[in-house]
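Open the model in your viewer and keep the sequence panel in sight. The tour goes from the whole chain to a pocket and then to two single residues.

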Amino acid sequence: ESKKWHVIPVFLIPSFVFWTGGMYKDGFVFLFMMVVVWQFFQLLNKNDRKGTRILYLAVAFAGIFLLRNYIALLLLPSLLCWGLNMRWPRHAAWTFVIIYLIGSMAILFGSQLHAGLDFPSFIAERQQAFLALPANTKLPVPAIEPTAVGMIRYLPIAMRIGFAEPVLWDLPGLRYLVFSIELLFLLFLAALALYKRPQLTVNQHSYLFFALFFTASVWLCLGYMAPITGAIVRYRVICLPILASALMCTALIRQNK
């Protein structure tokens, strides 16, 4: 009943249409992402052509890594949780929470195990690289201290940037109004889905959690690294159809009488 609603998020989200409608990396990253998601879904639900599906998945994943390596890395825990959730659906929330807590600890304290796993320093360097760009929509943020404590202190700022920019009452320009409305629309869908709380199948439940956690991880990562409103709007778009379609279909599922 709700399959047709997948079309709306893909074709009517202005920022997504703009940034994936030209010869930008974003469109190719989204294409590769959808190949990964579809082939992974098929692997979980069908037993035929597994070798071919794994090959397609591997090629698409390599494409993502070449274009946006951080997206490829953030996909891994999301897909792992999705697979585990299909195996043990009764513990879906705990599966995602535990895996992401372990991942967060690895990011914060990985340098204690190996110098090459100093993620706080890498993130701090990326922030400074963005701040050095000649952009008109830079946000006034402090420099990230490249330590676990510094990352935790910066978390509220990263959440505000990644999840809320551009805010409706402090727009850097009138053209950013539509991007703020997009976020309000997502918030409305989330509230509607939470209010209705329909009975979901295992596949629906797994995809919803995948969409929520993957989107949250990407947007939080952007909140740390890209303190520029224009950059946030652009790099956030690849997650918009994934999240919007999951929330919309959840909110519009008809309960069985």
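Start with the whole chain, which is a predicted model. Its radius of gyration is 19 Å, which agrees with the value near 18 Å for a compact globule of 257 residues. Turn the C-alpha trace along its principal axes and it spans about 55 × 45 × 35 Å. Of the 257 residues, 44% count as buried.

Now switch to a cartoon view. The chain has 12 helices and zero strands. Among contacts with a separation of 6 or more, 71% are between residues 24 or more positions apart.

Next, colour by confidence. The mean pLDDT of the chain is 86, and 94% of the residues reach 70 or more. Select helix α1, residues 7-12: confidence is lowest here, at a mean of 68. Then select α8, where confidence is highest, at 93. Where pLDDT is low, the predicted coordinates should not be read in detail.

**The largest pocket**

Where is the centre of the largest pocket? Select Leu74, Gly103, Ser104, Ile107 and Ser217, which are the closest to the centre among the 38 residues of the lining. The volume of this pocket is about 1200 Å³.

Which helices should you show around the largest pocket? Show α5 (69-87), α6 (92-109), α7 (119-131), α8 (148-164) and α10 (202-225), each of which supplies at least two residues of the lining. Helix α6 gives the most, with 11 residues. If you colour the lining by class, you will find 31 nonpolar, six polar and one charged residues.

**Serine 206**

Go to helix α10 and select serine 206. Is serine 206 buried or exposed? Its relative accessibility is 0%, and buried means under 20%, so serine 206 counts as buried. Show what surrounds this side chain: leaving aside neighbours within four places in sequence, serine 206 is in contact with Trp82, Asn85, Met86 and Phe96.

**Alanine 164**

Move to helix α8 and select alanine 164. Its relative accessibility is 28%, and it therefore counts as partly exposed. Which residues does alanine 164 contact, leaving aside its neighbours within four places in sequence? They are Met159, Leu183 and Arg236.

For a last step, select tryptophan 219 together with alanine 164. The two are 55 residues apart along the chain, and their C-alpha atoms are separated by 9.7 Å.

Methods: Residues are numbered from 1 along each chain as its sequence is written. This is a predicted model: local features need pLDDT of at least 70, side-chain atom pairs count only at pLDDT 80 or more; totals for chains, interfaces and linings use all residues. Side-chain values use heavy atoms; hydrogens and water are left out. On a 1 Å grid over the protein atoms alone, a cavity is a set of points where a 1.4 Å probe fits but cannot get out, and a pocket is an open set with protein on both sides within 12 Å along at least five of seven lines; lining residues have an atom within 4 Å of a point. Grid points are joined across faces, edges and corners, and a volume is the space filled by probe spheres set on the points. Helices (H or I, at least four residues) and strands (E, at least two) are DSSP runs, numbered from the N terminus. Ala, Val, Leu, Ile, Met, Phe, Trp, Tyr, Cys and Pro count as nonpolar, Asp, Glu, Lys and Arg as charged, and the others, Gly among them, as polar. pLDDT is the predictor's confidence in each residue, from 0 to 100. Buried means under 20% relative accessible area, exposed over 50%, partly exposed in between (1.4 Å probe, protein chains only). Contact means heavy atoms within 4.5 Å. The radius of gyration is taken over C-alpha atoms; the globule rule is 2.2 Å times the number of residues to the power 0.38.
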